[in-house]
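Here are some notes to read alongside the model, written for someone meeting it for the first time. Please keep the viewer open and look up each residue as it comes.

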Amino acid sequence: MTNIKKRLLTGIQASGELHIGNYFGALKPFLEIYKDYDSFLMVADYHALTSIRDPQAIRQNTINVVKDYLAVGVDPSKAVIFRQSDNQDHMEMGWIFDCMVTVPFLMQAHSYKDKIAKGAEPNAGLFTYPMLMAADIALYDTTVVPVGEDQRQHLEYTREAVGKFNRAYGEILQEPTEKIVKGVGVVPGTDGQKMSKSYKNTIPLFGTKEEIEKSVMSIVTDSTGDIPENVYAIHTLFRTKEDLDSIYEANKGRYGDLKKILIEDIEKFVGPMREKRNAITDDEVKQVLADGAVQAKSVSNSILAKVREAIGIAL
Ligand code: ATP
Ligand code: MG
């Protein structure tokens with residue numbers, strides 16, 4: 001019997017600074033399992049184009065995301081770290097999936113509706129984003145996709161696109177399953193809504209102590225209860241429930257003090273990782289991405305070749 005590891009792929013958009021929601025919803029669960037799989041970690045820079053039109057910001061965010069991956073402990077010799085834009089196969093497969101699903105189906109996507117409601121421009125890229133994501137996943141015969149709770153529906157969309165493709169052309173593509181960590185769910189932002197890079201409601205993972213202080217102090221609190229719900233929800237990521245219950249009991253109604261304790265707890269956690277991150281150079285990042293691009297393409301090229309053959313593009 002051969003002992004081939006299952007393939008795992010996950011990605012983060014180069015849409016801004018990573019926040020603690022990304023860490024607990026995506027990075028931490030990835031770190032816990034990635035060595036057991038044949039792991040691919042993608043910087044989704046083309047996805048970021050749905051919300052960002054500043055070239056310097058895309059460049060900088062891309063470098064930063066990779067630094068973040070390395071600083072939290074991802075070993076580039078144990079996972080392929082690559083940029084979506086370094087592999088043209090994603091664009092081609094994305095188009096093929098666009099042709100598999102209907103407009104009314106895409107209109108049901110929560111993430112699209114939420115972003116529009118938050119004032120995002122409803123550009124066609126934002127609308128078809130789930131099909132580019134389906135391509136990201138299907139191109140690598142991915143079976144496991146560790147993501148945050150907010151991405152559950154997008155995984156269903158991927159399965160739908162893959163299923164429709166396979167029904168039309170034969171069992172060519174692999175249907176993925178999601179792997180969502182229990183207990184984390186959606187981490188709320190400073191405004192109580194989903195913490196999102198593009199919502200400006202984040203607590204940055206690698207912010208300076210001052211930046212962390214500023215965002216924690218801005219967490220909205222409901223003035224009616226003893227326990228500030230959003231502060232508590234974020235605090236559960238850093239301490240056990242037993243610990244928190246006694247802290248919140250002892251500081252009932254003292255929101256400012258509770259926030260200060262949260263700031264200290266975040267700082268204790270982030271401090272050492274921040275130091276590690278500061279030592280990583282841009283050149284190291286570029287080398288990791290160059291190596292990753294070669295490896296990513298060698299896998300996706302052969303899968304896309306089968307797809308092209310199946311749909312009648314290869315003459
Ligand atoms: P954007 O606002 O650009 O969509 P984002 O903050 O939602 O950015 P993504 O790059 O879309 O981040 O998602 C990266 C990963 O982080 C995904 O696996 C996603 O499920 C997870 N994630 C994002 N926000 C949260 C959150 N608030 N709580 C838990 N997990 C999250
Ligand atoms: Mg998102």
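1. A term to begin with: a salt bridge is a side-chain nitrogen of Lys or Arg within 4 Å of a carboxyl oxygen of Asp or Glu. Please bear in mind that this is a predicted model. With that meaning of the term, the structure holds 21 salt bridges. As general background, side chains of opposite charge can pair when their charged atoms come close.

2. A good pair to look up is D38 and R7, whose side chains meet in a salt bridge with 2.8 Å from N to O. D38 lies in strand β2 (residues 38-44) and R7 in strand β1 (residues 7-13), so this salt bridge ties together parts that are 31 residues apart in sequence. Are the two partners buried or partly exposed? D38 has 29% relative accessibility and therefore counts as partly exposed. R7, at 18% relative accessibility, counts as buried, because buried means under 20%.

3. Next, please turn to E92 and R308, where a salt bridge joins the two side chains at 2.6 Å, N to O. This pair links distant parts of the chain, with E92 in helix α4 (residues 89-98) and R308 in helix α13 (residues 282-311), 216 residues apart. E92 counts as partly exposed at 27% relative accessibility, and R308 also counts as partly exposed, at 33%.

4. Loops take part too. D191 forms a salt bridge with K118, and their closest N and O atoms are 3.3 Å apart. D191 sits in the loop between β5 (177-179) and α9 (209-217), while K118 sits in the loop between α6 (110-117) and α7 (124-138); the pair links distant parts of the chain, 73 residues apart. The relative accessible area of D191 is 30%, so D191 is partly exposed. K118 counts as partly exposed as well, at 35% relative accessibility.

5. Salt bridges can also be followed from one residue to another here: R239, D243, D265 and K268 are linked in a network of them.

6. Now for the nonpolar interior. Which residues touch the most other members of the largest nonpolar core? They are I20, Y69, V74, I81, I203 and L205, out of 54 residues in that core. Helix α3 (residues 55-72) gives the largest share of this core, 8 residues. L205 is a handy place to start looking: leaving aside residues up to four places away in sequence, L205 touches L18, H19, I20, Y23, L27, V72, V270 and M273. There is also a second, separate core of 39 residues, which includes V80, Y112, V145 and A296.

7. On to the open spaces. The largest pocket holds about 880 Å³ of space. Its lining is made up of 44 residues, and Y129, D150, Q151, K194 and S196 lie nearest its centre. At least two lining residues come from each of β1, α1 (20-33), β2, α6, α7 and α8 (152-169), with β1 supplying the largest share, 5 residues. By class, the lining of the largest pocket has 14 nonpolar, 20 polar and 10 charged residues.

8. The second largest pocket has a volume of about 370 Å³. Of the 17 residues that line this pocket, E17, K197, K200, N201 and T202 lie nearest its centre. The lining of the second largest pocket divides into 2 nonpolar, 10 polar and 5 charged residues.

9. How many cavities of 30 Å³ or more does the structure hold? There are 2. The largest cavity has a volume of about 50 Å³ and is lined by A109, S111, Y112, K115, L126, F127, Y129, P130 and H154. Helices α6 and α7 each supply at least two residues of this lining, and the largest share, 4 residues, comes from α7. The lining of the largest cavity has 6 nonpolar residues, 2 polar and 1 charged.

10. Last comes the second largest cavity, with a volume of about 40 Å³. T10, G11, I12, A26, L27, F30, L41, Y69 and P146 line it, and β1 and α1 are the elements that give two or more residues to this lining. Among the lining residues of the second largest cavity, 7 are nonpolar, 2 are polar and none is charged.

Definitions and conventions. Residues are numbered from 1 along each chain as its sequence is written. Chains are lettered from A and ligands numbered from 1 in the order in which they are written. This is a predicted model: local features need pLDDT of at least 70, side-chain atom pairs count only at pLDDT 80 or more; totals for chains, interfaces and linings use all residues. Side-chain values use heavy atoms; hydrogens and water are left out. Buried means under 20% relative accessible area, exposed over 50%, partly exposed in between (1.4 Å probe, protein chains only). A nonpolar core is a set of buried Ala, Val, Leu, Ile, Met, Phe, Trp, Tyr and Cys residues joined through side-chain atoms within 4.5 Å. Contact means heavy atoms within 4.5 Å. On a 1 Å grid over the protein atoms alone, a cavity is a set of points where a 1.4 Å probe fits but cannot get out, and a pocket is an open set with protein on both sides within 12 Å along at least five of seven lines; lining residues have an atom within 4 Å of a point. Grid points are joined across faces, edges and corners, and a volume is the space filled by probe spheres set on the points. Ala, Val, Leu, Ile, Met, Phe, Trp, Tyr, Cys and Pro count as nonpolar, Asp, Glu, Lys and Arg as charged, and the others, Gly among them, as polar.
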